[in-house]
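Please explain how this structure is put together. An account in running paragraphs would be welcome.

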Amino acid sequence: MSKCRACGEPAVIDLARHNANFCADHFIRLCLRQMTRAIDDFSMFSREDRILVAVSGGKDSLALWDMLIMEGYHAAGLYIGLGIGEYSDESGRLVRQFASERGLTLHEIDLRAEHGFDIPTAAKATRRVPCSACGLAKRHLFDSAAREHGYDVLVTGHNLDDEAAVLFGNTLRWDVEYLRRQAPVLAASGGFGRKAKPLVRLTEREMAAWCVIRGIDYVVEECPMALGNRHLAYKESLAGLESRSPGVTASFFLGFLERMAPILDAGVDHDDPVACRQCGAPTSAVDESCAFCRLVSTAAAHEPVPVRLVLDRRRRKAFDEQWGTTTMETT
Amino acid sequence: MIVQLRQPRREVEVRGGRPARAVLIELGLAPEGHLVIRNGTLVPSDAELGDDDLVEIRPVVSGG
């Protein structure tokens, strides 16, 4: 069996992009080193800052929270109950378990209880792609929660594969505005708080391995609404390239940050946001409500929609296989 | 050897006495996209899986 590159003990993981194998102890050290390098290289935050970690119950956000605490950062969690059936029930349970076992502060927001809608209903009412409605709601609530509770920075568990897939999609469409905004840290500006992605140097395989090694229970199953989405298709394409050329994903994304992002950002004026006339949150929508308030007004007026009813036949089958739902087919 | 798979959660029986990578390939699973957990411990893809081992193969890709 393969040996750890650092100490020669039996390895627990082989990392083709590093052309090396590692034991559990040296793998943990490698991950912490990659995270702190990203934090320092991009000036994300300091050890004195109060950090709010957006946690979903998945591997990346729980691993990130664990890593930050292990490195001595002051990090609390924020969980948003999205109302995606049994998937949300399970993810909420695992987040609460993680926080209580470690005595960590966890803030919670329940979309249905506090804003009168959930993600399946929002998708149905607005005819948006579910991931789009979900992303919009989460971005707004992350920002407002960090502001309300006085945190210095909001961090998310976006990893190298996530960021490379987004970059791949934006490049395929030559979406220059999105390309310009794709950065591992966004400074506080115009009422928006600082946001950072400390896992941009780590892959999702590495984050899953972190959780297994550290004994962290997370939701292994995919969100039923995200199954087969475009983001996953981009990841699949990149994974094919990565298997033939290990390290190509990292050089694609990190090379973009180093050599292309500065060119895209040069000489661009950033519009100052205005205050949403309903909730006061910063928005680019002049004389209008922000996108989240518009989403609330449409979705909260709609009768609740169970998650199964917004899934197509393929996703519904996968959902039933995973969560054991036996409800009769309705469409 | 019984192998537990995820998404959805299910079990399959395959022949043991060979490296994890060979089992992944037989099951049509990309080694880079999965972790192999043998008797509760993470193992690299060249680890030998025995007929009596409890094996879980866990996907690592998520689309959220």
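What is the mean pLDDT of chain B? The model is a predicted one, and the mean pLDDT of chain B is 94, with 98% of its residues at 70 or more. The model as a whole scores ipTM 0.96 and pTM 0.94.

Within chain A, an open sheet of six strands follows the order 5-4-3-6-8-7, with mixed pairing. Its edges are formed by strand 5 (106-110) and strand 7 (185-186) of chain A, each of which pairs on one side only. Strand 4 (residues 74-81) of chain A runs parallel to strand 5 of chain A, and five bridges join the two; A:Tyr79 stands opposite A:Glu108 of strand 5. Helix 2 (residues 59-70) of chain A packs on the sheet, where it touches strand 3 (50-54), strand 4 and strand 6 (153-155) of chain A, and its direction makes about 160 degrees with that of strand 3. Helix 3 (residues 85-102) of chain A also packs on the sheet and touches strand 4 and strand 5 of chain A, at about 160 degrees to the direction of strand 4.

Two further helices of chain A pack on each other: helix 7 (residues 160-172) and helix 10 have axes 9 Å apart and an angle of about 100 degrees. They are therefore roughly perpendicular. Residues of helix 7 in this contact include A:Phe168 and A:Gly169, while those of helix 10 include A:Tyr234 and A:Leu238. By class, the contact has five nonpolar, three polar and three charged residues.

Helix 10 (230-244) of chain A also gives two or more residues to the side that touches chain B, as do strand 1 (13-15), helix 9 (204-214) and helix 13 (313-323) of chain A. In total, 31 residues of chain A are in contact with 21 residues of chain B. The chain A side comprises 15 nonpolar, eight polar and eight charged residues.

How values were computed:
Residues are numbered from 1 along each chain as its sequence is written. Chains are lettered from A and ligands numbered from 1 in the order in which they are written. This is a predicted model: local features need pLDDT of at least 70, side-chain atom pairs count only at pLDDT 80 or more; totals for chains, interfaces and linings use all residues. Two residues are in contact if their C-beta atoms, placed from the backbone, lie within 7 Å. Helices (H or I, at least four residues) and strands (E, at least two) are DSSP runs, numbered from the N terminus. Ala, Val, Leu, Ile, Met, Phe, Trp, Tyr, Cys and Pro count as nonpolar, Asp, Glu, Lys and Arg as charged, and the others, Gly among them, as polar. pLDDT is the predictor's confidence in each residue, from 0 to 100. Axes are lines fitted to C-alpha atoms, for helices over the stretch in contact, and angles run from 0 to 180 degrees between N-to-C directions. Angles under 35 degrees count as roughly parallel, over 145 as roughly antiparallel, 65 to 115 as roughly perpendicular and the rest as oblique. Two strands pair if DSSP finds at least two bridges between them.
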